[in-house]
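Reader: I'm new to reading structures, and I'd like to know how the labels people use get justified. Could we go through one together?

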Amino acid sequence: MRVIRVAIAGFGGVGRATANLLLARREHYRSVYDADVRLVAVCGSRAGLSDANGLEADQFDALEPGLSGPDFIGTSGADILIEAGPSDFRTGGPGLAYIHSALSSGRDTIVISKGALVHSGRELRDLAKASGAILKLSGASAAALPTIDLVEHSLTGCRVLSVEGILNATTNFLLDAMVSKGVGFDAALKEAQKGGFAEADTRNDTEGWDTACKLLLLANFGLGAELAMDDLVVEGIHGVTADRIDAWRAEGLVPKLVGSLECTDDGTISARVGVRAYPNSDPLAQVSGKNKAIRITTDAMGETIAIGCGEEPLATAAAALKDFEHILKARVA
Ligand SMILES: NC(=O)c1ccc[n+]([C@@H]2O[C@H](COP(=O)([O-])OP(=O)(O)OC[C@H]3O[C@@H](n4cnc5c(N)ncnc54)[C@H](OP(=O)(O)O)[C@@H]3O)[C@@H](O)[C@H]2O)c1
């Protein structure tokens, strides 16, 4: 039985959910992959834990100060890094240093935060290629909703013509509330915040940046584009008024914040984020609440639509561990 050592950098809601799920699935990894999976290190911004024989969940509340950073992960002996820290696409940090260090030393890496992949995607892809490390990013690219996996596996061999994605749960929830209550953006946001359905600062979501990040990752990592954030036209939902909602409703249309890609014959890919209104009969119009969805149109398989979500942070943890099993398949088989 092969021993597989895992480290997790970023140990908040998602990092802890991933650690707990990984430990809970150890028997599954043994029986399916003949792999003895050990969680050898975890860390937050200032503290962490490490044990070459494997950590257990009852140790997670006693992180030791000073055990953090890319060097700490590097010396833990981990074969695989799961990165689950905060996301900042303008700087790439703090995940960039962890991911860079792991890929440089040939360590397979599963990325959950989007920032470093948006900021330095090309460099990280090149690093992985040079070192032979596997780089996976389901958690960063809409998590429970399959996006890159659809293109890479289910639609292999087809040419993607266009993509439309409802990729952000918060904005879908807000637009849904605006339509059902006939109110504009400000009123819907206040009510969602009062009910605990939206965070105090939702600008990253409502201005369209979160959708833009996921779209850019799908374009660059799934379709081989080389887009930078400046190449995208990004509009959020702030400008959606109650009057506009009424007008759409009168026409039988449902507004959604959509990230879209158009792929031309010469290989150019253009990307934009903005509100699109769909007829009630369109499956994307039916995507309600905190659900997400993607429609991919290809030359030979027509339209493929996936709709889904899951309870967070479990759903994102499960998406990262889907990546983990793909790596096990590649490495242990
Ligand atoms: N929450 C979701 O449902 C969801 C869904 C999909 C993707 N994501 C992505 O998953 C990531 C984590 O989200 P979360 O909800 O778990 O956030 P969180 O609860 O705020 O946790 C962030 C963690 O990162 C740690 N951290 C900060 N700076 C660090 C550094 N320099 N080195 C190591 N660790 C550092 C924090 O450490 P301290 O505790 O010491 O501050 C904390 O443990 C984010 O990038 C988010 O966008 C989240």
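Reader: Which residue in β12 is the bridge partner of Ser162?

Author: Thr297 is the bridge partner of Ser162 there. Keep in mind as we go that this is a predicted model.

Reader: How do you know that β8 and β12 pair?

Author: Two strands count as paired if there are at least two bridges between them. β8 (residues 160-166) and β12 (residues 292-298) have 6 bridges, so by that cut-off they pair, and they do so in the antiparallel sense. β8 also pairs with β10 (residues 253-263), again antiparallel, over 4 bridges. In that pairing, Glu164 has Ser260 as its bridge partner.

Reader: What makes β8 "mostly covered"?

Author: Just count: 6 of the 7 residues in β8 are buried.

Reader: And why is a residue such as Ser120 called buried?

Author: Buried means a relative accessible area under 20%. Ser120 has 7%, so the label fits. You'll find Ser120 in helix α5, which covers residues 115-131. Its C-alpha atom is 7.0 Å from that of Gly92, although the two residues are 28 apart along the chain.

Reader: Which residues of α4 are buried, and how do you know that they line one face?

Author: In α4 (residues 95-104), they are Gly95, Leu96, Tyr98, Ile99, Ala102 and Leu103. Looking down the helix axis, these buried residues fall within an arc of 165°, so they line one face of α4. Here's the background: an α-helix has 3.6 residues a turn, so residues three or four places apart point the same way. Just after α4 comes Gly106, with a positive phi of about 80°.

Reader: What makes Ala142 and Ala143 stand out?

Author: Most residues other than glycine have a negative phi. Ala142, though, has a phi near 85°, and Ala143 has one near 50°. Both values are positive, in residues other than glycine. Ala142 sits in the loop between β7 and α6 (148-154), and Ala143 is in the loop between β7 and α6 too.

Reader: Are those two buried or exposed?

Author: Buried. Ala142 has a relative accessibility of 2% and Ala143 has 4%, and the cut-off is under 20%.

Reader: Where are the cis peptide bonds?

Author: One joins Gly93 and Pro94, with omega about -10°. Pro94 is in the loop between β5 and α4. Another joins Glu312 and Pro313, with omega about 5°; Pro313 belongs to the loop between β13 (302-308) and α12 (314-332). For context, most peptide bonds are trans.

Reader: Why are β4 and β7 called edge strands?

Author: Start with the sheet: 7 strands form an open sheet in the order β4-β3-β2-β1-β5-β6-β7, with mixed pairing. β4 (64-65) and β7 (135-136) each pair on one side only, and they are the edge strands. Elsewhere in the order, β1 (residues 2-9) and β5 (residues 80-83) run parallel, joined by 4 bridges. Ala9 stands opposite Glu83 in β5.

Reader: Last one: how do you know that Val14 makes a polar contact with the ligand?

Author: The cut-off for a pair of N or O atoms is within 3.5 Å. A backbone N or O atom of Val14 is 2.7 Å from a ligand oxygen, so the pair qualifies. The protein covers 65% of the 900 Å² of accessible area that the ligand has on its own. Around the ligand are 20 residues, Val14, Gly44, Ser45, Gly85 and Tyr98 being the closest.

Terms used
Residues numbered from 1 in each chain as written. Predicted model: local features only at pLDDT ≥ 70, side-chain atom pairs only at ≥ 80, totals over all residues. Heavy atoms only, no water. Near = heavy atom within 4 Å. Polar contact = N/O pair within 3.5 Å; in protein donor to acceptor, adjacent residues only side chain to side chain. Areas by Shrake-Rupley, 256 points an atom, 1.4 Å probe, with all protein chains shown as cover. Helix = DSSP H or I, 4+ residues; strand = E, 2+ residues; numbered from the N terminus. Buried < 20%, exposed > 50% of the residue type's maximum accessible area, 1.4 Å probe, protein only. Arc of directions from axis to C-beta.
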